[in-house]
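Grab a coffee and work through a few exercises with the structure open beside you. Each one sets a task and then walks through a solution.

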Amino acid sequence: MPPTERVVTRTCPLCEATCGLRITLRANGDATRAVKVAGDPGDVFSKGFICPKGAALGALHHDPDRLTRPRIREGDAWREVGWDEAFAYIDAKLRPILADGDRDALAAYAGNPNVHTLAGMIYGPALRRSLGTRNLYSASTVDQMPRHVASGWMYGDPDRIPVPDLDRTDLLYIFGANPAVSNGSLATAPDWPGRIRAIRERGGRVVVFDPRRTATAGLADAHHAIRPGTDAALMLSMARVLFEAGRVGLGRLADITKGVDAIRGVICGGPGDFAPERIGPVCGIAPDDIRRLALDLADAPRAAVYGRIGTQAARFGTLAAWTVDLLGLLTGHLDTPGGAMFPRALHERPVHGRGRGFRVGRRHGRVAGDPEVRGELPAVRLADEITTPGPGRIRALFVVAGNPVLSVPGGDRLDAALAQLELMVAVDPYLNATTRRAHVILPPPGPLHRPHYDLAFYTLSVRDVARFSPPALPWAGPSEAGILARLTLLVLGMGPKADPALVEQQIVGHLLGKAAADPASPAHGRDPRAMAAQLRGESGPERVLDALIRTGPRGEGFGADPDGWTLARLAAAPGGVDFGPLAPRLPASLATPDGLIDAFPDAIRGDLPRLRAWLADPPDGLLLIGRRHLRSNNSWLHNVPKLARGRDRFTLRIHPADAAARGVADGAAVRLSARSDAEAAVQATAQVTDEVMRGVVSLPHGWGHAVEGSGLSVASKVGGPNVNRVTQPVVDPLSGNAALNGVPVEVRPIG
Ligand SMILES: Nc1nc2c(c(=O)[nH]1)N[C@H]1C(S)=C(S)[C@@H](COP(=O)(O)OP(=O)(O)OC[C@H]3O[C@@H](n4cnc5c(=O)[nH]c(N)nc54)[C@H](O)[C@@H]3O)O[C@H]1N2
Ligand SMILES: Nc1nc2c(c(=O)[nH]1)N[C@H]1C(S)=C(S)[C@@H](COP(=O)(O)OP(=O)(O)OC[C@H]3O[C@@H](n4cnc5c(=O)[nH]c(N)nc54)[C@H](O)[C@@H]3O)O[C@H]1N2
Ligand code: SF4
Ligand SMILES: [Mo]
């Protein structure tokens, strides 16, 4: 039979932009392969936009190094086994640990791709809950946890995250993000570059604050090189200017906001504090510029302030996330068209205008005493919680879609710690720097084998949109949801033969039970069992998604609104559905106990002295920041030849004056070490460029694949330094998030 071709559309699962793809599948005998991946012009949101990663989705899916069968490690050797044997093996290793009765001996680390899969979003939490441990970790504490904490304290809900209304704003301030390369984060918008250009074409302005002259800075009207770690101070200085100029005006939100006068008292009261003359030199931004930048925000009819990982994965991450919202609030732009706004996802849970509010610290870490935040402890503590003896020590670890050896500070220490575990299970398609330490690897099917809907990113989109993609290719093995369900039953002590459908029943029962009991739900008062019987979908995740959509704000509510939405109705629109631009949502979507926005939460106020102390004695010398590359995604796309190629991928970028002062020539080998720990070091190649400001060096993360026992045939040859050998276990105390940026370092030539 001659090969046949068909084209399918689906949403790209690789980054937060959620672009629509058109994938050409060629069937040749028994084998079907994705032979071409293009942007989908019919996609309601991305309208044909695609980046080089999306175009490589087929190559990634068909990567010959991708594991397809479970494997068990015996010493240094791996043995491929069947699924039943793999689960029986895990059960046997778990039994004695469970029998000892110390649930804290169990732990989980969830990596970034979980937020890009239905399985990770729906079945991941079930597994984590079933562990019954305080030892829960994730990539969130090397990323965006400060943003959740700021939202939790201000709006009562850590997932109530405002996104810049890119398509309607006249003035956009970007702090610590490089969406021209990252394609955006916590602000889902396909084609950020095009949307930035459109702002300027309609007469608006875009201003970037970044220690490096990034690709995004290149698209903007202005770039301010800011000293790492000073964003919160800069924004508080701008707030002070607004107060002193009498330009604070909350507009519609004035009546539902508390704390503004208290802020004024604190930032304007003391002499010198946060005055532009004092803050300017610390940030590297002229006091007059600070004043003008503040007043421009107040003058602009529509303005949005946006901050991301450069400001959040930092020493004052939560303060920075708070100040981003504070500027919008004080200038009347928050929750208004063209400002920062709150999306309304098709699957959103009902909102009530008030709620129980946000809490942290219900449990604490054993070794360093960090408070739990959103049920998690800081990822930087994982190594110590494995190696420190005593009750509560981690003995068994489940790593789902994570590569913490490369992504978490102290990666080499973690690598050594993992070797001490009695049981490590990795749910991951690759044998890499982290999973090589596992006792068992359970590989999930590839991206074309699974259904897709962006549970995470429709809550962060700059328009209210939704798309559903059915699997593009069939898969005979277990789904990732099925794998996670079986693990859940094992840790509950139900054994390897228990029916994974029990987990789906439990998830659905809980979800529909809550909906039935909630007067704000379209399914209020209905019978959960009857509703469950009506769910449609080919798999557990799809049926749960159907339940979420039907009980969401536009849902059909199991008959309550015959014109409402179901998964089937969404699936009938392959290019997706556009519900239009964002609409104002406050106060209805607040979840604070008093139904007010808390502009000055106690936790934030309590952290200001730490910022003040630091400002009084800021670090001099070199500060390390990260960097992303268009053809990369954290640590795991470097095994696709097209995506790993290129010069300068993991060079250490350094300013000419800093290089000259250290005798470092362009292209020379250098040693990069932490100033607080000279042993925490890597070797890198210097790239001398004034793209980074003086006093700042930049090295990307996610490299360091040349380790013994790696199954990445391409990436392990590329190698590269693991920057997280240099970064330190320093956290933002409010969120437990690692300070990946602004790390004091030293650089010296080698030889
Ligand atoms: N110094 C420094 N460190 C950083 C950062 C930084 O800017 N600087 N950035 C941080 C950020 S923002 C993040 S999000 C973290 C990421 O940290 P991690 O999530 O720990 O690491 P990733 O590199 O995303 O690794 C993802 C893993 O998931 C596997 N995987 C891919 N697809 C799937 C799938 O469908 N199912 C399963 N089960 N597994 C899959 C991959 O093989 C890989 O092993 O890194 C952080 N680390
Ligand atoms: N191509 C590509 N895309 C990705 C990823 C990837 O690895 N590669 N990773 C994905 C993930 S998991 C995430 S979380 C997102 C992140 O998306 P972004 O938040 O856009 O991340 P970056 O591109 O690292 O941009 C952060 C910027 O902050 C700057 N910066 C560092 N320190 C400071 C500081 O103290 N103040 C200020 N103002 N700026 C500072 C850095 O120079 C950098 O330009 O990207 C996602 N998209
Ligand atoms: S921008 Fe992100 S979502 Fe769009 S094609 Fe590239 S990787 Fe995929
Ligand atoms: Mo991330």
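## Exercise 1: the shell around ligand 2

The shell around ligand 2 splits into nine nonpolar, 14 polar and seven charged residues. Keep in mind that this is a predicted model.

Task: work out which residues come nearest to ligand 2, and which parts of the protein supply its shell.

Solution, step by step:

1. Start with the neighbours. There are 30 residues around ligand 2, and Ser182, Asp210, Asp231, His629 and Asn634 come nearest.
2. Now look for polar atoms that pair up. Ser182 puts a polar side-chain atom 2.7 Å from an oxygen atom of ligand 2. Asn633 also uses a polar side-chain atom, this time 3.3 Å from a nitrogen atom of the ligand. With Ile309 the backbone does the job: one of its N or O atoms lies 3.3 Å from an oxygen atom of ligand 2.
3. Check how well the ligand is covered. On its own, ligand 2 has 930 Å² of accessible area, and the protein covers 97% of it.
4. Trace the shell back to secondary structure. Helix H6 (179-182) and helix H13 (309-312) are the elements that give two or more residues. H13 gives the most, with three residues.
5. Finish with domains. Domain 2 (165-347 + 594-606) and domain 4 (619-749) each provide at least three residues of this shell.

## Exercise 2: the two domains themselves

Task: find how far apart the centres of domain 2 and domain 4 are, and how many residues of each are in contact with the other.

Solution, step by step:

1. Lay out the division first: domain 1 (4-61), domain 2 (165-347 + 594-606), domain 3 (500-572) and domain 4 (619-749).
2. Take the centres over C-alpha atoms, and domain 2 and domain 4 come out 28 Å apart.
3. Then count the contacts: 22 residues of domain 2 meet 30 residues of domain 4.

## Exercise 3: ligands 1 and 3

Task: describe the surroundings of ligand 1, then do likewise for ligand 3.

Solution, step by step:

1. Ligand 1 has 30 residues around it, with Tyr109, Asn112, Asp428, Glu480 and Ser635 coming nearest.
2. Sort that shell by class and you get 14 nonpolar, 11 polar and five charged residues.
3. Pick out the polar pairs. Tyr109 has a polar side-chain atom 2.7 Å from an oxygen atom of ligand 1, and Asn432 has one 2.9 Å from an oxygen atom of the ligand. Ala401 joins in through a polar backbone atom, 3.3 Å from an oxygen atom of ligand 1.
4. Ligand 1 taken alone exposes 920 Å², of which the protein buries 96%.
5. Over to ligand 3. Its surroundings include Cys12, Cys15, Cys19 and Cys51, along with Lys53 and Asn183. By class, this shell holds seven nonpolar, three polar and one charged residues.

## Exercise 4: one threonine

Task: decide whether Thr551 is buried or exposed, and say what its side chain reaches.

Solution, step by step:

1. Locate Thr551 in the loop between helix H21 (540-550) and helix H22 (567-571).
2. Thr551 counts as buried because its relative accessibility is 1%, and the cut-off for buried is under 20%.
3. Follow the side chain. It makes a 2.9 Å polar contact with the side chain of Arg349 and reaches the backbone oxygen of Ala547 at 2.7 Å.
4. Add the neighbours from further along the sequence: Thr551 touches, among others, Glu348, Leu511, Pro522 and Phe558.

Terms used
Residues are numbered from 1 along each chain as its sequence is written. Chains are lettered from A and ligands numbered from 1 in the order in which they are written. This is a predicted model: local features need pLDDT of at least 70, side-chain atom pairs count only at pLDDT 80 or more; totals for chains, interfaces and linings use all residues. Side-chain values use heavy atoms; hydrogens and water are left out. Helices (H or I, at least four residues) and strands (E, at least two) are DSSP runs, numbered from the N terminus. Buried means under 20% relative accessible area, exposed over 50%, partly exposed in between (1.4 Å probe, protein chains only). A polar contact is a pair of N or O atoms within 3.5 Å; within protein, one must be able to donate a hydrogen and the other to accept it, and residues adjacent in sequence count only if both atoms are side-chain atoms. Contact means heavy atoms within 4.5 Å. A residue is near a molecule or strand if one of its heavy atoms lies within 4 Å of it. Accessible areas come from the Shrake-Rupley method with a 1.4 Å probe; for residues, only the protein chains shown count as cover. Ala, Val, Leu, Ile, Met, Phe, Trp, Tyr, Cys and Pro count as nonpolar, Asp, Glu, Lys and Arg as charged, and the others, Gly among them, as polar. Domain bounds come from an automatic or database domain assignment. Lists of a residue's contacts leave out its neighbours within four places in sequence.
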